[in-house]
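Let's take a walk through this protein, starting with the whole chain and then zooming in on a sheet and a couple of threonines. Have a look around first.

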Amino acid sequence: MELNDFTLSAYGRASSMPSPVNRMMSAFASDFRPGTDINLGVGYVNERTIPNQQILEALQAVLARPEKYKAALNYGGPSGSYNLIQSIKNYYTRNRLGGLTEDILDRKEIIIGPSGATSLLEAAAHILEPGIVISPDPMYYIYCNFLERLGYQVVTVPEDHNGIRTGLLKTKLKQLGSAAEKISFLYIVTINNPTGSILNNQRREELISIGTGLAESLGRKIPILIDKAYEDLVHDPSVEPLTSCMVHDRHNLVYEIGTLSKILSPALRIGYMVGADSPFLQAMIQKTSDVGFSAPLINQEIASYMLDHHIASQTDSVNEGYRQKAAVIDRWIEQKLGPHLADVSGGQAGFYFYLTFSAIETTEKSAFFRYLTRTTGDQAIDGTTQNPNPRVLYVPGEFCVHPRGDMVAEGKRQLRLSYGFEELENIEKAITYMQQAIEYARGVQQKA
Ligand SMILES: Cc1ncc(COP(=O)(O)O)c(C=O)c1O
(Lines give C-alpha, C1' and ligand atoms only; values in the text may rest on other atoms or scores of the structure.)
Protein backbone atom coordinates (compact mmCIF):
# COMPACT_ATOMS: atom_id res chain seq x y z
CA MET A 1 0.00 0.00 0.00
CA GLU A 2 1.35 3.36 -1.06
CA LEU A 3 1.30 5.82 1.87
CA ASN A 4 0.94 9.55 1.66
CA ASP A 5 4.06 11.35 2.77
CA PHE A 6 4.54 12.96 6.21
CA THR A 7 2.38 15.99 6.80
CA LEU A 8 4.76 18.92 7.03
CA SER A 9 4.03 22.29 8.55
CA ALA A 10 3.91 25.26 6.19
CA TYR A 11 7.49 26.03 7.29
CA GLY A 12 8.48 22.40 6.73
CA ARG A 13 6.99 22.41 3.24
CA ALA A 14 8.71 25.69 2.36
CA SER A 15 12.02 24.34 3.71
CA SER A 16 11.94 20.98 1.94
CA MET A 17 13.43 22.53 -1.18
CA PRO A 18 16.88 24.16 -0.91
CA SER A 19 16.90 27.94 -1.31
CA PRO A 20 18.24 29.16 -4.69
CA VAL A 21 21.54 30.21 -3.14
CA ASN A 22 22.02 26.89 -1.35
CA ARG A 23 21.23 25.00 -4.53
CA MET A 24 23.77 27.06 -6.49
CA MET A 25 26.45 26.77 -3.78
CA SER A 26 26.09 22.99 -3.41
CA ALA A 27 26.22 22.47 -7.16
CA PHE A 28 29.50 24.36 -7.26
CA ALA A 29 30.94 22.81 -4.08
CA SER A 30 30.20 19.24 -5.18
CA ASP A 31 33.08 19.15 -7.66
CA PHE A 32 35.08 22.16 -6.47
CA ARG A 33 38.78 21.83 -7.35
CA PRO A 34 40.90 23.65 -4.75
CA GLY A 35 43.75 25.50 -6.44
CA THR A 36 41.83 25.66 -9.73
CA ASP A 37 38.30 26.87 -9.09
CA ILE A 38 37.74 30.10 -7.19
CA ASN A 39 34.89 30.63 -4.77
CA LEU A 40 34.12 34.31 -4.27
CA GLY A 41 30.58 33.38 -3.25
CA VAL A 42 31.19 31.74 0.07
CA GLY A 43 30.94 33.95 3.18
CA TYR A 44 33.72 32.13 5.05
CA VAL A 45 36.33 34.05 7.00
CA ASN A 46 39.94 33.79 5.90
CA GLU A 47 41.54 30.67 7.39
CA ARG A 48 44.71 32.58 8.26
CA THR A 49 42.76 34.92 10.56
CA ILE A 50 41.75 32.05 12.84
CA PRO A 51 44.09 32.02 15.88
CA ASN A 52 44.70 28.26 16.13
CA GLN A 53 47.59 28.47 18.61
CA GLN A 54 45.82 30.88 20.91
CA ILE A 55 42.67 28.77 20.86
CA LEU A 56 44.80 25.78 21.86
CA GLU A 57 46.30 27.86 24.67
CA ALA A 58 42.79 28.96 25.70
CA LEU A 59 41.53 25.37 25.81
CA GLN A 60 44.44 24.34 28.02
CA ALA A 61 44.04 27.35 30.29
CA VAL A 62 40.31 26.73 30.69
CA LEU A 63 40.76 23.07 31.59
CA ALA A 64 43.65 23.88 33.93
CA ARG A 65 41.59 26.36 35.98
CA PRO A 66 38.38 24.63 37.11
CA GLU A 67 38.00 27.13 39.95
CA LYS A 68 37.37 29.91 37.39
CA TYR A 69 36.02 27.90 34.45
CA LYS A 70 33.67 25.60 36.36
CA ALA A 71 32.62 22.28 34.79
CA ALA A 72 33.59 23.55 31.34
CA LEU A 73 32.84 20.23 29.69
CA ASN A 74 29.44 19.87 31.27
CA TYR A 75 26.06 21.37 30.35
CA GLY A 76 25.88 25.14 30.52
CA GLY A 77 23.05 27.43 31.58
CA PRO A 78 20.64 28.90 28.99
CA SER A 79 21.55 32.57 29.40
CA GLY A 80 25.24 31.88 28.81
CA SER A 81 28.49 31.46 30.70
CA TYR A 82 29.04 34.00 33.47
CA ASN A 83 32.70 34.34 32.43
CA LEU A 84 31.86 35.01 28.80
CA ILE A 85 29.16 37.54 29.62
CA GLN A 86 31.62 39.44 31.84
CA SER A 87 34.29 39.25 29.12
CA ILE A 88 31.92 40.64 26.50
CA LYS A 89 30.94 43.44 28.86
CA ASN A 90 34.60 44.27 29.53
CA TYR A 91 35.37 44.10 25.82
CA TYR A 92 32.64 46.69 25.18
CA THR A 93 33.62 49.03 27.99
CA ARG A 94 37.41 48.74 27.52
CA ASN A 95 37.07 49.73 23.87
CA ARG A 96 34.08 52.03 24.34
CA LEU A 97 32.43 49.98 21.57
CA GLY A 98 29.56 51.88 20.03
CA GLY A 99 30.13 54.65 22.58
CA LEU A 100 28.49 52.42 25.19
CA THR A 101 29.39 53.25 28.76
CA GLU A 102 29.31 50.95 31.77
CA ASP A 103 26.30 52.91 32.89
CA ILE A 104 24.28 52.01 29.77
CA LEU A 105 25.47 48.41 29.81
CA ASP A 106 24.52 48.02 33.47
CA ARG A 107 20.93 48.55 32.41
CA LYS A 108 21.18 45.84 29.73
CA GLU A 109 21.43 42.08 29.76
CA ILE A 110 23.82 40.06 27.66
CA ILE A 111 22.79 36.57 26.64
CA ILE A 112 24.62 33.93 24.60
CA GLY A 113 22.80 32.09 21.80
CA PRO A 114 22.97 28.33 21.38
CA SER A 115 24.80 28.49 18.04
CA GLY A 116 26.05 31.84 16.85
CA ALA A 117 24.17 35.00 15.92
CA THR A 118 22.16 32.87 13.49
CA SER A 119 20.51 30.98 16.35
CA LEU A 120 19.52 34.23 18.07
CA LEU A 121 18.01 35.59 14.87
CA GLU A 122 16.15 32.33 14.42
CA ALA A 123 14.92 32.42 18.01
CA ALA A 124 13.63 35.98 17.67
CA ALA A 125 11.65 34.96 14.61
CA HIS A 126 9.96 32.17 16.58
CA ILE A 127 9.24 34.30 19.62
CA LEU A 128 7.83 37.39 17.95
CA GLU A 129 4.39 37.34 16.37
CA PRO A 130 4.81 36.87 12.58
CA GLY A 131 3.91 39.87 10.49
CA ILE A 132 5.86 42.40 8.46
CA VAL A 133 9.62 42.76 8.88
CA ILE A 134 11.31 45.88 7.58
CA SER A 135 14.86 45.44 6.30
CA PRO A 136 17.30 47.11 3.89
CA ASP A 137 17.52 46.11 0.22
CA PRO A 138 19.81 44.39 -0.82
CA MET A 139 19.01 42.19 2.14
CA TYR A 140 20.80 39.56 4.23
CA TYR A 141 19.15 36.92 2.09
CA ILE A 142 19.87 33.99 4.42
CA TYR A 143 17.76 35.43 7.23
CA CYS A 144 15.17 37.15 5.06
CA ASN A 145 14.60 33.97 3.11
CA PHE A 146 14.15 32.08 6.38
CA LEU A 147 11.70 34.69 7.68
CA GLU A 148 9.54 34.30 4.61
CA ARG A 149 9.54 30.51 4.92
CA LEU A 150 8.33 30.99 8.47
CA GLY A 151 5.40 33.10 7.33
CA TYR A 152 6.75 36.62 7.72
CA GLN A 153 6.43 39.22 4.98
CA VAL A 154 9.72 41.04 4.43
CA VAL A 155 9.30 44.60 3.20
CA THR A 156 12.60 46.00 2.01
CA VAL A 157 13.79 49.59 1.80
CA PRO A 158 16.61 50.39 -0.66
CA GLU A 159 19.91 51.44 0.86
CA ASP A 160 22.80 53.55 -0.41
CA HIS A 161 26.44 53.62 0.67
CA ASN A 162 25.35 54.92 4.12
CA GLY A 163 22.87 52.15 4.79
CA ILE A 164 19.07 52.04 4.73
CA ARG A 165 17.63 55.21 3.17
CA THR A 166 15.70 56.69 6.06
CA GLY A 167 13.73 59.06 3.81
CA LEU A 168 12.46 56.06 1.84
CA LEU A 169 11.79 54.19 5.07
CA LYS A 170 9.41 56.97 6.13
CA THR A 171 7.69 56.84 2.73
CA LYS A 172 7.32 53.04 2.90
CA LEU A 173 5.82 53.22 6.37
CA LYS A 174 3.32 55.80 5.16
CA GLN A 175 2.48 53.67 2.12
CA LEU A 176 1.76 50.72 4.40
CA GLY A 177 -1.11 52.73 5.92
CA SER A 178 -3.13 50.58 8.30
CA ALA A 179 -1.01 47.53 7.36
CA ALA A 180 1.68 49.11 9.57
CA GLU A 181 -0.27 47.48 12.42
CA LYS A 182 1.16 44.21 11.17
CA ILE A 183 4.78 45.28 11.58
CA SER A 184 6.49 42.68 13.66
CA PHE A 185 10.03 44.05 13.86
CA LEU A 186 12.78 45.95 12.07
CA TYR A 187 15.85 43.95 11.10
CA ILE A 188 18.83 46.14 10.30
CA VAL A 189 22.31 44.89 9.44
CA THR A 190 24.70 47.71 10.33
CA ILE A 191 27.42 46.61 7.91
CA ASN A 192 25.29 45.02 5.34
CA ASN A 193 25.73 41.60 3.87
CA PRO A 194 25.90 41.58 0.80
CA THR A 195 26.82 45.21 0.11
CA GLY A 196 29.32 46.02 2.87
CA SER A 197 27.58 49.41 3.20
CA ILE A 198 28.05 50.93 6.63
CA LEU A 199 25.05 52.44 8.39
CA ASN A 200 26.50 55.78 9.41
CA ASN A 201 25.84 57.57 12.68
CA GLN A 202 23.39 60.07 11.27
CA ARG A 203 21.30 57.28 9.77
CA ARG A 204 21.45 55.36 13.05
CA GLU A 205 19.96 58.29 14.87
CA GLU A 206 17.29 58.79 12.19
CA LEU A 207 16.47 55.09 12.16
CA ILE A 208 15.88 54.96 15.91
CA SER A 209 13.88 58.16 15.76
CA ILE A 210 11.65 56.64 13.03
CA GLY A 211 11.34 53.35 14.97
CA THR A 212 10.46 55.27 18.12
CA GLY A 213 7.85 57.33 16.25
CA LEU A 214 6.36 54.17 14.76
CA ALA A 215 6.11 52.49 18.16
CA GLU A 216 4.52 55.58 19.66
CA SER A 217 1.98 55.84 16.84
CA LEU A 218 1.05 52.16 17.21
CA GLY A 219 1.05 52.30 20.98
CA ARG A 220 3.25 49.22 21.30
CA LYS A 221 6.95 48.46 21.30
CA ILE A 222 8.35 47.43 17.92
CA PRO A 223 11.63 45.55 18.34
CA ILE A 224 14.56 46.89 16.35
CA LEU A 225 16.97 44.00 15.86
CA ILE A 226 20.39 45.35 15.04
CA ASP A 227 22.69 42.77 13.48
CA LYS A 228 26.25 43.99 14.03
CA ALA A 229 27.98 40.86 12.72
CA TYR A 230 30.73 42.81 10.95
CA GLU A 231 31.18 45.76 13.32
CA ASP A 232 34.45 44.48 14.76
CA LEU A 233 35.81 44.36 11.23
CA VAL A 234 35.79 48.03 10.26
CA HIS A 235 39.24 48.15 8.69
CA ASP A 236 39.16 51.43 6.78
CA PRO A 237 40.59 54.08 9.14
CA SER A 238 38.56 56.82 7.43
CA VAL A 239 35.30 55.38 8.80
CA GLU A 240 33.93 57.40 11.74
CA PRO A 241 33.72 55.56 15.09
CA LEU A 242 30.29 53.97 15.02
CA THR A 243 27.71 54.70 17.69
CA SER A 244 25.45 51.96 18.96
CA CYS A 245 21.77 52.39 18.17
CA MET A 246 21.13 51.77 21.89
CA VAL A 247 22.50 55.24 22.64
CA HIS A 248 19.41 56.82 21.00
CA ASP A 249 16.88 54.30 22.28
CA ARG A 250 14.37 55.79 24.76
CA HIS A 251 11.91 52.87 24.90
CA ASN A 252 14.27 49.88 25.00
CA LEU A 253 13.31 48.81 21.50
CA VAL A 254 16.84 47.97 20.39
CA TYR A 255 18.40 44.55 20.72
CA GLU A 256 21.89 44.24 19.30
CA ILE A 257 23.07 40.90 18.02
CA GLY A 258 26.81 40.33 17.69
CA THR A 259 29.07 37.40 16.90
CA LEU A 260 32.61 36.26 17.53
CA SER A 261 32.57 34.28 14.27
CA LYS A 262 34.23 36.95 12.20
CA ILE A 263 37.01 37.98 14.57
CA LEU A 264 37.77 34.65 16.24
CA SER A 265 36.33 31.59 14.59
CA PRO A 266 32.94 30.70 13.14
CA ALA A 267 33.30 27.15 14.47
CA LEU A 268 33.10 28.34 18.09
CA ARG A 269 29.49 29.34 17.25
CA ILE A 270 29.42 32.21 19.74
CA GLY A 271 26.75 34.82 19.15
CA TYR A 272 25.34 37.17 21.77
CA MET A 273 22.49 39.59 22.24
CA VAL A 274 22.54 42.82 24.23
CA GLY A 275 19.31 44.47 25.31
CA ALA A 276 16.98 45.29 28.16
CA ASP A 277 15.45 42.60 30.31
CA SER A 278 11.91 41.95 29.05
CA PRO A 279 9.50 39.08 28.36
CA PHE A 280 11.12 38.94 24.89
CA LEU A 281 14.61 38.50 26.36
CA GLN A 282 13.35 35.89 28.84
CA ALA A 283 11.71 33.98 25.99
CA MET A 284 15.01 34.11 24.08
CA ILE A 285 16.71 32.44 27.06
CA GLN A 286 14.00 29.78 27.25
CA LYS A 287 14.46 29.16 23.51
CA THR A 288 18.17 28.46 24.04
CA SER A 289 17.21 25.92 26.67
CA ASP A 290 14.64 24.38 24.33
CA VAL A 291 17.03 23.83 21.44
CA GLY A 292 20.11 22.57 23.29
CA PHE A 293 20.38 23.96 26.84
CA SER A 294 23.27 26.33 25.93
CA ALA A 295 26.06 26.95 23.48
CA PRO A 296 28.79 24.37 24.20
CA LEU A 297 30.20 25.60 27.50
CA ILE A 298 33.79 24.80 26.60
CA ASN A 299 33.51 27.06 23.54
CA GLN A 300 32.05 29.85 25.64
CA GLU A 301 34.93 29.61 28.12
CA ILE A 302 37.50 29.53 25.31
CA ALA A 303 35.87 32.64 23.87
CA SER A 304 35.92 34.30 27.29
CA TYR A 305 39.65 33.58 27.66
CA MET A 306 40.32 34.90 24.15
CA LEU A 307 38.43 38.13 24.87
CA ASP A 308 40.31 38.60 28.14
CA HIS A 309 43.80 37.87 26.78
CA HIS A 310 44.14 38.17 23.03
CA ILE A 311 41.34 40.14 21.48
CA ALA A 312 43.18 43.44 20.94
CA SER A 313 46.05 41.94 18.93
CA GLN A 314 43.69 39.50 17.20
CA THR A 315 41.33 42.27 16.04
CA ASP A 316 44.26 44.39 14.88
CA SER A 317 45.85 41.64 12.84
CA VAL A 318 42.56 40.45 11.30
CA ASN A 319 41.68 43.99 10.29
CA GLU A 320 45.16 44.69 8.96
CA GLY A 321 44.88 41.61 6.73
CA TYR A 322 41.47 42.57 5.33
CA ARG A 323 42.53 46.22 4.93
CA GLN A 324 45.49 45.27 2.75
CA LYS A 325 43.45 42.82 0.75
CA ALA A 326 40.60 45.28 0.17
CA ALA A 327 42.95 48.04 -1.03
CA VAL A 328 44.56 45.83 -3.68
CA ILE A 329 41.27 44.31 -4.83
CA ASP A 330 39.69 47.74 -5.08
CA ARG A 331 42.42 48.68 -7.58
CA TRP A 332 41.96 45.49 -9.61
CA ILE A 333 38.21 46.05 -9.75
CA GLU A 334 38.76 49.58 -10.98
CA GLN A 335 41.44 48.60 -13.54
CA LYS A 336 39.83 45.48 -14.96
CA LEU A 337 36.09 46.06 -14.59
CA GLY A 338 35.91 49.83 -14.08
CA PRO A 339 34.52 50.94 -17.46
CA HIS A 340 31.55 48.60 -17.08
CA LEU A 341 30.67 49.46 -13.51
CA ALA A 342 27.93 51.83 -12.37
CA ASP A 343 28.69 51.42 -8.66
CA VAL A 344 30.94 49.64 -6.19
CA SER A 345 30.23 49.41 -2.47
CA GLY A 346 31.97 47.67 0.42
CA GLY A 347 35.65 47.10 1.02
CA GLN A 348 35.78 49.27 4.16
CA ALA A 349 34.55 46.73 6.68
CA GLY A 350 33.91 43.01 6.65
CA PHE A 351 34.94 41.22 3.48
CA TYR A 352 32.53 41.97 0.68
CA PHE A 353 32.53 44.17 -2.38
CA TYR A 354 29.19 44.60 -4.11
CA LEU A 355 29.34 45.51 -7.78
CA THR A 356 26.66 47.04 -9.98
CA PHE A 357 27.34 46.82 -13.71
CA SER A 358 25.91 49.39 -16.11
CA ALA A 359 24.69 46.88 -18.67
CA ILE A 360 26.15 43.43 -17.96
CA GLU A 361 23.73 40.91 -16.47
CA THR A 362 24.98 38.71 -13.66
CA THR A 363 22.03 36.31 -13.15
CA GLU A 364 22.45 32.55 -13.08
CA LYS A 365 21.18 32.44 -16.67
CA SER A 366 23.39 35.29 -17.92
CA ALA A 367 26.28 34.88 -20.37
CA PHE A 368 28.58 36.42 -17.74
CA PHE A 369 27.67 33.75 -15.14
CA ARG A 370 27.83 30.93 -17.68
CA TYR A 371 31.28 32.04 -18.83
CA LEU A 372 32.58 32.03 -15.26
CA THR A 373 31.03 28.67 -14.36
CA ARG A 374 32.11 27.24 -17.72
CA THR A 375 28.61 26.29 -18.78
CA THR A 376 28.41 28.18 -22.09
CA GLY A 377 28.35 25.02 -24.20
CA ASP A 378 31.40 26.26 -26.12
CA GLN A 379 34.34 23.97 -25.44
CA ALA A 380 36.88 26.68 -26.20
CA ILE A 381 35.55 28.56 -23.16
CA ASP A 382 34.37 25.74 -20.93
CA GLY A 383 37.19 23.23 -21.45
CA THR A 384 36.29 19.57 -21.44
CA THR A 385 33.71 17.91 -19.18
CA GLN A 386 36.47 15.93 -17.45
CA ASN A 387 38.72 18.94 -17.09
CA PRO A 388 36.84 22.22 -17.26
CA ASN A 389 38.74 25.49 -17.35
CA PRO A 390 39.01 27.30 -13.98
CA ARG A 391 35.58 28.28 -12.69
CA VAL A 392 34.59 31.28 -10.60
CA LEU A 393 31.55 31.54 -8.36
CA TYR A 394 30.01 34.72 -6.94
CA VAL A 395 26.59 35.48 -5.44
CA PRO A 396 24.36 37.01 -8.12
CA GLY A 397 22.53 40.15 -7.04
CA GLU A 398 19.22 38.58 -8.10
CA PHE A 399 19.40 36.50 -4.90
CA CYS A 400 20.33 39.46 -2.70
CA VAL A 401 17.55 41.85 -3.59
CA HIS A 402 14.01 41.16 -2.46
CA PRO A 403 12.19 39.29 -5.26
CA ARG A 404 9.18 41.62 -4.91
CA GLY A 405 11.09 44.73 -3.89
CA ASP A 406 12.18 47.89 -5.70
CA MET A 407 15.60 46.63 -6.74
CA VAL A 408 14.74 43.60 -8.87
CA ALA A 409 15.93 45.19 -12.13
CA GLU A 410 19.17 46.50 -10.62
CA GLY A 411 19.78 43.19 -8.85
CA LYS A 412 20.11 41.48 -12.23
CA ARG A 413 23.26 43.54 -12.86
CA GLN A 414 24.79 43.12 -9.41
CA LEU A 415 27.03 40.65 -7.64
CA ARG A 416 28.63 40.07 -4.27
CA LEU A 417 32.33 39.33 -4.31
CA SER A 418 33.70 37.94 -1.06
CA TYR A 419 37.38 38.51 -0.37
CA GLY A 420 37.27 36.61 2.91
CA PHE A 421 38.09 33.07 2.04
CA GLU A 422 40.25 33.14 -1.11
CA GLU A 423 43.81 34.49 -1.17
CA LEU A 424 44.85 37.48 -3.32
CA GLU A 425 46.46 35.46 -6.07
CA ASN A 426 43.19 33.66 -6.79
CA ILE A 427 41.11 36.80 -6.43
CA GLU A 428 43.21 38.55 -9.06
CA LYS A 429 42.74 35.62 -11.40
CA ALA A 430 39.00 35.65 -10.74
CA ILE A 431 38.72 39.36 -11.55
CA THR A 432 40.64 38.78 -14.77
CA TYR A 433 38.19 36.00 -15.68
CA MET A 434 35.37 38.43 -14.93
CA GLN A 435 36.95 40.88 -17.37
CA GLN A 436 36.94 38.12 -20.01
CA ALA A 437 33.37 37.19 -19.08
CA ILE A 438 32.29 40.78 -19.77
CA GLU A 439 33.79 40.64 -23.27
CA TYR A 440 32.05 37.34 -23.87
CA ALA A 441 28.71 38.68 -22.57
CA ARG A 442 29.01 41.76 -24.76
CA GLY A 443 29.60 39.55 -27.79
CA VAL A 444 26.55 37.45 -26.97
CA GLN A 445 24.42 40.59 -26.41
CA GLN A 446 25.51 42.03 -29.77
CA LYS A 447 24.56 38.85 -31.60
CA ALA A 448 21.13 38.73 -29.94
C1 LIG B 1 24.72 39.73 8.60
C2 LIG B 1 25.08 38.45 9.26
N3 LIG B 1 24.49 38.11 10.41
C4 LIG B 1 24.79 36.96 11.05
C5 LIG B 1 25.71 36.08 10.52
C6 LIG B 1 25.97 34.78 11.20
O7 LIG B 1 26.80 34.84 12.29
P8 LIG B 1 27.10 33.55 13.17
O9 LIG B 1 28.28 32.86 12.58
O10 LIG B 1 27.41 34.10 14.54
O11 LIG B 1 25.89 32.69 13.19
C12 LIG B 1 26.35 36.39 9.33
C13 LIG B 1 27.32 35.44 8.75
O14 LIG B 1 27.75 35.51 7.64
C15 LIG B 1 26.02 37.60 8.68
O16 LIG B 1 26.57 37.92 7.51
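What radius of gyration would a compact globule with 448 residues have, and what does the protein have? The expected figure is near 22 Å and the protein has 23 Å, which agrees. Here the radius is taken over C-alpha atoms, and the globule rule is 2.2 Å times the number of residues to the power 0.38. Before going on, keep in mind that this is a predicted model, where local features need pLDDT of at least 70, side-chain atom pairs count only at pLDDT 80 or more, and totals for chains, interfaces and linings use all residues. Residues are numbered from 1 along each chain as its sequence is written, and side-chain values use heavy atoms, with hydrogens and water left out.

Along the principal axes, the C-alpha atoms fill a box of roughly 70 × 65 × 55 Å. Inside it you'll find 16 helices and 14 strands; these are DSSP runs numbered from the N terminus, with helices being H or I of at least four residues and strands E of at least two. Of the 448 residues, 55% count as buried, where buried means under 20% relative accessible area, exposed over 50%, and partly exposed in between (1.4 Å probe, protein chains only). As for contacts (heavy atoms within 4.5 Å), take those with a separation of 6 or more: residues 24 or more positions apart account for 75% of them.

On the outside, the accessible surface comes to about 19,900 Å², and 51% of that belongs to carbon and sulfur atoms. Areas come from the Shrake-Rupley method with a 1.4 Å probe, and for residues only the protein chains shown count as cover.

Now for the sheet. It is an open one of 8 strands in the order 2-9-8-7-6-3-4-5, with mixed pairing. Its edge strands are strand 2 (109–112) and strand 5 (163–164), each pairing on one side only. Two strands pair if DSSP finds at least two bridges between them. Strands of a sheet pair through backbone hydrogen bonds, either parallel or antiparallel.

Follow strand 6 (residues 183–189) to see some of this pairing. Strand 6 runs parallel to strand 7 (residues 224–227), joined by 4 bridges. L186 stands opposite I224, and V189 faces D227. Strand 6 also pairs with strand 3 (residues 132–137), again in the parallel sense, over 3 bridges; there, I183 is the bridge partner of I132. Strand 3 goes on to pair with strand 4 (residues 153–160), parallel once more, over 6 bridges, and P136 has V157 as its bridge partner.

How many residues of strand 6 are buried? The count is 7 of its 7. Strand 3 is mostly covered too, with 6 of its 6 residues buried.

Finally, the two threonines. T288 sits in helix 10 (residues 279–292) and counts as buried because its relative accessibility is 2%. Leaving out residues up to four places away in sequence, T288 touches P78, I112, G113, P114, F293 and S294.

T101 lies in the loop between helix 4 (82–95) and helix 5 (102–106). With a relative accessible area of 25%, T101 is partly exposed. Not counting residues up to four places away in sequence, T101 touches T93 and R96. The C-alpha atoms of T101 and K89 are separated by 9.9 Å, with the two residues 12 apart along the chain.
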